[in-house]
Amino acid sequence: MTGFVHRITAVDGAARVGVLHTAHGEVPTPAFMPVGTAGTVKAMTAEAVRSTGAAIVLGNTYHLMLRPGAERVEKLGGLHRLMDWPGPILTDSGGFQVMSLAKLRKIDRDGVTFQSHLDGSTHRLTPARSIEIQHRLDATISMVLDECTAFPATLEQALASMQLSMRWAQQSREVFQHRDGYGVFGIVQGSIYPDLRAQSARALLDVGFDGYAIGGLAIGEGQATTFAVLDATMPHLPTAVPRYLMGVGTPDDIVGAVQRGIDMFDCVIPTRAGRTARAYTSRGVLNLRNARFADDAGALDEACGCPACSRHCRAYLHHLFRCGEMLGPMLLSWHNVAYYQDLMRGLRDAIAGRRLAAHACAVRALWAQEDAG
Ligand SMILES: [Zn+2]
């Protein structure tokens, strides 16, 4: 048969721990996918990404279709080979970035025409073209083309946008080429409206996908609203297949979403923060540009085994950022990705031991130490 096997090994409340079996290897879930926008997790070698325990990374269709081009990636042996990442890769559909980056975009019933933010050249993305690009990239998991509904949106706007996305989802599913261990995910839309989310989930279930993503969140609505939308949406999704919350989030967002039954995450936060001297640690968030670290001979995070923490001190990291040395962003991206993977490992262990609620409390209490100090 086609698609994936997602073997759920333990459940604790709404949370689940399991293993997603793909053509490119196994992914322990809940999983965090570092974002490799243009075929690289910024400032990290593939070896460094692997060393953190990350099992799957994300690539961006919008960026890769413009540079170096999907056909070129295919000719060069595919994204796995180019990136030195034989493991699973999930690619987005390009829709989100067209809306956030491209110039002069024009949406119609069948797709979106836009100008590249790089050179102004005109391109067109349809559900079929997006799936074709992701196929050429050799994505393990492809995403359907959708329209990320703007926030805020009225009920009428959100309905029209969601219905367009559901039409595109069906078209994406129809052209996706089924292969063992590969899959395509549908994306639930509907803004902050519970009825629209339920309607969207039902429409996707009628088509049938290998996994279900929840899109259109983490775009300014705030954590309480994100969680309210999850609470309204999760009961409408099947339990056996993976559920993926797109673009989320901070460690605190992730803990709350795992408690609500999410299996997969991606977010630029750990790498973007790493490039701007912000460190996510087991004791909270630090800004290493802060003068208080100039003489701090301690480890960035005592609980972390990454090179930034095990081979250097906070004062050195502070120094690198003060001097604008590229090793600063490299070490801190490595640390932040390592921290996110440690966080996921801790959550998986806690679910397996049926102690997730206590674990979440303990993790949050530790964050407060550094955030407060
Ligand atoms: Zn570290």
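Hi everyone, let me start with the metal site. Reading along the chain, the donors of the zinc ion follow the spacing C-x1-C-x2-C-x25-H. In residues, that means Cys304, Cys306 and Cys309, each through SG, and His335 through ND1, at 2.1 to 2.3 Å from the zinc ion. One thing to keep in mind throughout is that this is a predicted model.

What arrangement do the 4 donor atoms make around the zinc ion? The angles they subtend run from 96 to 116°, and that makes it tetrahedral. For comparison, the ideal angle for four tetrahedral donors is 109.5 degrees.

Now, where do these donors sit? Cys306 is in the loop between β16 and α12, which covers 307-310, while His335 belongs to helix α14, residues 327-352; so this pair ties together parts that are 29 residues apart in sequence. Are Cys306 and His335 buried or exposed? Both are buried.

Since β16 has come up, let's look at it. Strand β15, residues 278-281, runs antiparallel to β16, residues 284-287, and 4 bridges join them. The connection is a hairpin through 2 residues. Within that pairing, Thr281 has Gly284 of β16 as its bridge partner.

On to the barrel. Which strands make it up, and in what order? There are 8 of them, closing in the order β4-β5-β6-β10-β11-β12-β13-β14, with parallel pairing. Ignoring direction, neighbouring strands here are turned by 30° against each other on average. To take one pair, β4 (residues 31-36) and β5 (residues 57-59) are parallel and share 2 bridges. There, Val35 stands opposite Leu58 in β5.

Helices pack on this sheet, and one of them is α8, which touches β11 and β12; its direction makes about 155° with that of β11. The helix that carries His335 is involved with the barrel strands too: α14 lies across β4 and β14 (264-267), running at about 160° to β4.

Let me stay with α8 for a moment, because we can do a little arithmetic check on it: with 14 residues (194-207) at 1.5 Å a residue, α8 should span 20 Å, and the end C-alpha atoms are indeed 20 Å apart, so the two agree. Which residues of α8 are buried? They are Leu196, Arg197, Ala198, Ser200, Ala201 and Leu204. If you are following on the structure, note that Arg197 is on that list. What do these buried residues pack against? Their partners are two helices, α7 (155-175) and α9 (223-233), and two strands, β11 (183-188) and β12 (211-214). After α8 comes Gly208, with a positive phi near 90°.

Last stop, the start of the chain. Here we have an open sheet of 3 strands in the order β1-β2-β3, and the pairing is antiparallel. The edge strands are β1 (5-12) and β3 (25-29), each pairing on one side only. From one strand to the next, the twist averages 10°.

How many bridges join β1 to β2? There are 7, with β2 covering residues 15-22 and the two strands running antiparallel. One of the pairings puts Val5 with His21 in β2 as its bridge partner. The two strands form a hairpin with 2 residues between them, and Gly13 in that turn has a positive phi of about 65°.

That's my tour. Thanks for listening, and I'm happy to go back to any part of it!

Key:
Residues numbered from 1 in each chain as written. Predicted model: local features only at pLDDT ≥ 70, side-chain atom pairs only at ≥ 80, totals over all residues. Heavy atoms only, no water. Helix = DSSP H or I, 4+ residues; strand = E, 2+ residues; numbered from the N terminus. Expected span 1.5 Å × (residues − 1). Buried < 20%, exposed > 50% of the residue type's maximum accessible area, 1.4 Å probe, protein only. Contact = heavy atoms within 4.5 Å. Pairing = 2+ DSSP bridges. Axes fitted to C-alpha atoms, helices over the stretch in contact; angles between N-to-C directions. Donors = N, O, S within 2.8 Å, 3.2 Å for Na, K, Ca; no water. Tetrahedral: all angles 85-135°; square planar, octahedral: opposite > 155°, others 65-115°.
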